[in-house]
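Please open the model in your viewer and keep the sequence panel beside it, since each stop on this tour begins with a selection and then describes what is found there.

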Amino acid sequence: MNDVRLVANGLDVGHAGRPVLKQVDLELRSGAITVLVGPNGCGKSTLLRTVAGLLPPIGGEVTIDGEPLGRLARRTLSQRLAFLPQTSHAPAGVTVRELVRHGRYAHRGALARHTGEDAESIEWALDVTDAAPLSDRRLDELSGGERQRAWLAMVLAQRAGVLLLDEPTTYLDMRHQFEVLDVVRRLAREHGIACGVVLHDLMQAAAYADEVVVVAEGGITASGTPEEVLTPDVIDRAFGLRVNVVRDPRTGYLACFPERSGADTGAGAATIAES
Ligand SMILES: Nc1ncnc2c1ncn2[C@@H]1O[C@H](COP(=O)(O)OP(=O)(O)OP(=O)(O)O)[C@@H](O)[C@H]1O
């Protein structure tokens, strides 16, 4: 695995012809998780929506499996790429299974008969997101974490090789955030899906990303492994915040702490460790 599935080349993205990001180069590979991080309003959603084919690029090109995005029919695109926006709305009273069934419209259209392949994909999507026990529950009766798993199952039922998730952990408590990210990891590792995920939490980016892409200052300011990218200088440049980057001795994951927190409170890591 590690075939390149989605490529953005010299991409300019923005709204109404006004660029937000210029000259973006991006690759999403089978089996890998690429995490986009950056300050509020820097253009992460605009970039994701553009590579998902929902916003026209101002310049440059996006290809999926070597074919220009603009030349793919809507249904073909949905079979290759699934996108979960920051917020989604469903009709009142819809059950989880009904929602997930919507994901199959990409393959069969709204009016066509349901096939065995549809049923198999729906069960797979419910299963891989641990949403099967929720399948007969109404979406509007679920907790935020359960609902997010249901939405994830819906886009997975498309059976696309590229999955784009815009802040999938927003509004979730810490345990549910990690549960959703564990599902994303499973999708990449076990099912070879190329995942592009916007996250705000740099520690989660460090723990889950194969590649971190920093979006700031109207373009991409850094990209590489978490070790290469999550450095005090890169983070300061993007977020305007001095941090210390430390490695958790047990897990090996990187974590960032603002330099000023110790100075403000008089409590540093050593003090916390002693208590
Ligand atoms: N529909 C729109 N029309 C015009 N401008 C927009 C539109 N959506 C977003 N913008 C602008 O584009 C810029 C980038 O917004 P975007 O939502 O892509 O940022 P973001 O990095 O995803 O932010 P956040 O982290 O806060 O979600 C912002 O200046 C925003 O005001």
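## The shell around the ligand

Begin with the ligand, whose surrounding shell divides by class into two nonpolar, seven polar and one charged residues. Keep in mind throughout that this is a predicted model. To display that shell, select His15, Val20, Gly38, Asn40, Gly41, Cys42, Gly43, Lys44, Ser45 and Thr46, the residues that surround the ligand. Which helix gives the largest share of the shell around the ligand? Colour helix α1, residues 44-51, and you have the element in question, for three residues of the shell come from it.

## From α1 to the four-stranded sheet

Staying with α1, add strands β1, β2 and β4 to the selection: the helix lies across these strands, with β4 spanning 59-64, and runs at about 125° to β1. Extending the view to the whole of this sheet shows an open arrangement of four strands in the order β2-β1-β4-β5, in which the pairing is antiparallel. At its edges stand β2 and β5 (67-68), and because each has a single partner strand, one side of each is left without a neighbour in the sheet.

Now select β1 (residues 4-15) together with β2 (residues 18-29), two strands that run antiparallel and are joined by eight bridges. The register can be followed from one end of β1 to the other: Val4 has Arg29 of β2 as its bridge partner, Val7 stands opposite Glu27, and His15 is partnered in β2 by Arg18. His15 is also among the residues that surround the ligand, so label it in both selections. Between the two strands, which form a hairpin, lie two residues, and Ala16 in this turn has a positive phi of about 50°.

On moving to the pair β1 and β4, one finds five bridges, again in the antiparallel sense. Within this pair, Ala8 stands opposite Val62 in β4.

## The six-stranded sheet

Next, select the strands of the other open sheet, six of them in the order β6-β7-β8-β3-β9-β10, where the pairing is mixed. Its edge strands are β6 (81-84) and β10 (219-224), each of which pairs on one side only, and the twist from one strand to the next averages 15°.

Inside this sheet, isolate β7 (residues 162-166) and β8 (residues 194-198), which run parallel and are joined by five bridges. Here Leu165 has Val197 in β8 as its bridge partner. Add α7 to the display, and this helix is seen to pack on the sheet, touching β3 (33-37), β7 and β8, while its direction makes about 155° with that of β8.

## Two helices side by side

With α7 (residues 174-191) still selected, bring in α6 (residues 144-156): the two helices pack at an angle of about 15°, and their axes are 10 Å apart. The two are therefore roughly parallel to each other, and their crossing is right-handed. To see where they meet, show the side chains of Gly145, Gln148, Arg149 and Leu152 in α6 and those of His176, Glu179, Val180 and Val183 in α7. The residues of this contact divide into three nonpolar, three polar and two charged.

## A last hairpin

Finally, select strand β11 (residues 243-247) and strand β12 (residues 254-258), which pair in the antiparallel sense over five bridges. Asn244 has Phe257 in β12 as its bridge partner. The two strands form a hairpin with six residues between them, and the turn includes Gly252, whose phi is positive at about 85°.

Terms used: Residues are numbered from 1 along each chain as its sequence is written. This is a predicted model: local features need pLDDT of at least 70, side-chain atom pairs count only at pLDDT 80 or more; totals for chains, interfaces and linings use all residues. A residue is near a molecule or strand if its C-beta atom, placed from the backbone, lies within 6 Å of it. Ala, Val, Leu, Ile, Met, Phe, Trp, Tyr, Cys and Pro count as nonpolar, Asp, Glu, Lys and Arg as charged, and the others, Gly among them, as polar. Axes are lines fitted to C-alpha atoms, for helices over the stretch in contact, and angles run from 0 to 180 degrees between N-to-C directions. Angles under 35 degrees count as roughly parallel, over 145 as roughly antiparallel, 65 to 115 as roughly perpendicular and the rest as oblique. A crossing is left-handed if the near helix is turned anticlockwise from the far one by less than a right angle, and right-handed if clockwise. Two residues are in contact if their C-beta atoms, placed from the backbone, lie within 7 Å. Two strands pair if DSSP finds at least two bridges between them.
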